[in-house]
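Hi everyone, thanks for making the time today. I'd like to walk you through a model I've been looking at, so have a look at the screen.

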Amino acid sequence: MSQWREKRVLVTGGSQGLGFSIARAFGKQGAKVILWARDSERLRTAVERLHEDQIEASYETVDVLDATAVNEGMQAIEKHYGRLDVLVNAVGKSTRIPLGEASLETYQEFMRLNFETAVQCSLTAMPLLEKTGGHLVNIGSLSSKTAWPYMAPYTASKFALAGFTQQCRLEGPSNVHTMLVCPGPIRRTDAGSRYARDGSNVPQSAAKPGGGAPVKGLSPERVANLIVRGCQRRTAELILPAWLRCLFSVSACSASLGDWILKQVAPQSK
Ligand SMILES: NC(=O)c1ccc[n+]([C@@H]2O[C@H](COP(=O)([O-])OP(=O)(O)OC[C@H]3O[C@@H](n4cnc5c(N)ncnc54)[C@H](OP(=O)(O)O)[C@@H]3O)[C@@H](O)[C@H]2O)c1
């Protein structure tokens, strides 16, 4: 019998993209999933798709930027289901903008959405996760591990998320498993067109998935299945593709050598 049967999994940003794939992967293992996002129509459609796969799923319209809504949403989970076994913080967005054109307001916007909301949801869920000895999963990015041209506000917010996640591992309740997931670009139908070139001096190549990094797109299903397996094994960190760990190790030993390697393959400014 799957260890996930009867377990409750909350996925923020679960109505589409990677969040939806993660919800489905846990659901296929027998978990009961709860999706949070803002657009109720998209949430309803997502839950219907999960029901078609015989997955028990529900949704709540929660804007994670709203601390009161997050608190109320978490209280509702405790009241209705009596437990929470996994929180996946998947809400997040990226951008493409030259370093010199990103305003302080842009940094603040990305810190709010990609970092502060995950902190808020994690802190609110922690007492519930402690009761079940559950799992906190924060969806970072390769941008949690390395900078990349034209992605400064995203990189800053995802590095902050990595720091917070490690802090939870070291200092959080010892029975709660905490995992940072750092995926490269994920395959999707709109992958080539979704990032508007926010600044006027962004080269075409930087608007590509992964900011034009020479990394093959990952299958969302594979990433989601690895996340479920990572929870089963109580893995601390997932870097995908795994070979990039070598580059990050080089950068950790010699920042200038790491930067030199990155500059050989990064998109060049106009
Ligand atoms: N896509 C990639 O290639 C890639 C690569 C590496 C890492 N990641 C990370 O993976 C995560 C998911 O990325 P994705 O591209 O799959 O996302 P996505 O398709 O853009 O979906 C974002 C989800 O978050 C929800 N959302 C956005 N703002 C919200 C808010 N304020 N409150 C509640 N829900 C909100 C959206 O629904 P509503 O708009 O209805 O609220 C949607 O369900 C992000 O953290 C991203 O940084 C993605």
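I'll talk about the ligand shell, two helices, the nonpolar cores and a few backbone oddities. Please keep in mind throughout that this is a predicted model.

Let's begin with the ligand. Which residues are the closest to it? They are G13, G17, R38, D39 and G92, out of 27 residues that surround the ligand. Two elements give two or more residues to that shell, namely α1, residues 17-28, and β2, residues 32-37. The largest share comes from α1, with 3 residues. If you sort the shell by class, you get 13 nonpolar, 9 polar and 5 charged residues.

Now to the helices, and α2 is a nice one to start with. It runs over residues 40-52, which makes 13 residues, and its first and last C-alpha atoms are 18 Å apart, close to the 18 Å expected at 1.5 Å a residue. Which residues of α2 are buried? The answer is L43, A46, V47 and L50. Looking down the axis of α2, those buried residues fall within an arc of 100 degrees, so they line one face of the helix. For anyone who likes the textbook reason, an α-helix has 3.6 residues a turn, so residues three or four places apart point the same way. The buried residues of α2 pack against α1, β2 and β3. Flip to the other side of α2 and you find E41, E48, H51 and E52, which are exposed. Just after α2, Q54 takes a positive phi of about 65 degrees.

Helix α3 can be read in a similar way. It covers residues 67-81, has 15 residues and reaches 21 Å from first C-alpha to last, close to the 21 Å expected at 1.5 Å a residue. Here the buried residues are V70, G73, M74 and I77. They sit on the same side of α3, because they cover an arc of only 95 degrees around the axis. And what covers them? The cover over the buried residues of α3 includes β1 (8-12), β2, β3 (57-61) and α4 (104-132). Turned away from that buried side is a face with the exposed residues T68, Q75, K79 and H80. Just after α3 comes G82, with a positive phi of about 75 degrees.

On to the cores. In soluble globular proteins, nonpolar side chains tend to be buried together. In this model the largest nonpolar core has 58 residues, and V33 and L35 touch the most other members. Helix α4 supplies the largest share of this core, 7 residues. To get a feel for L35, set aside its neighbours within four places in sequence: L35 is then in contact with V11, G14, S15, A23, L43, A46, V47, A57 and Y59. You'll recognise L43, A46 and V47 from the buried residues of α2.

Apart from the largest core lies another core, of 11 residues, with M151, A152, Y154 and A206 among them. Let me zoom in on A152, which is in helix α5. Is A152 buried or exposed? It counts as buried, because it has 22 C-beta neighbours inside 10 Å, and the cut-off for buried is 20 or more. Leaving aside neighbours within four places in sequence, A152 is in contact with I97, L99 and A102. A152 and P98 are 54 residues apart in sequence, yet their C-alpha atoms are 7.7 Å apart in space.

Last, the backbone oddities. Most residues other than glycine have a negative phi, and most peptide bonds are trans. Y150 has a positive phi, near 70 degrees, and lies in the loop between β5 (135-139) and α5 (152-171). R234 also has a positive phi, near 55 degrees, and R234 lies in the loop between α6 (220-233) and β7. How do their surroundings look? Y150 counts as buried because it has 28 C-beta neighbours inside 10 Å. R234, with 11 other C-beta atoms within 10 Å, is exposed.

And where is there a cis peptide bond? It joins L240 and P241, with omega about 0 degrees. P241 sits in the loop between β7 (237-240) and α7 (244-253).

That's my tour, and I'm happy to go back to any part of it on the screen.

Notes:
Residues are numbered from 1 along each chain as its sequence is written. This is a predicted model: local features need pLDDT of at least 70, side-chain atom pairs count only at pLDDT 80 or more; totals for chains, interfaces and linings use all residues. Helices (H or I, at least four residues) and strands (E, at least two) are DSSP runs, numbered from the N terminus. A residue is buried if 20 or more other C-beta atoms lie within 10 Å of its own, exposed if 12 or fewer, and partly exposed in between; C-beta atoms are placed from the backbone. A residue is near a molecule or strand if its C-beta atom, placed from the backbone, lies within 6 Å of it. Ala, Val, Leu, Ile, Met, Phe, Trp, Tyr, Cys and Pro count as nonpolar, Asp, Glu, Lys and Arg as charged, and the others, Gly among them, as polar. The expected span of a helix is 1.5 Å times one less than its number of residues. The arc is that of the directions from the helix axis to the C-beta atoms. Two residues are in contact if their C-beta atoms, placed from the backbone, lie within 7 Å. A nonpolar core is a set of buried Ala, Val, Leu, Ile, Met, Phe, Trp, Tyr and Cys residues joined through C-beta atoms within 7 Å.
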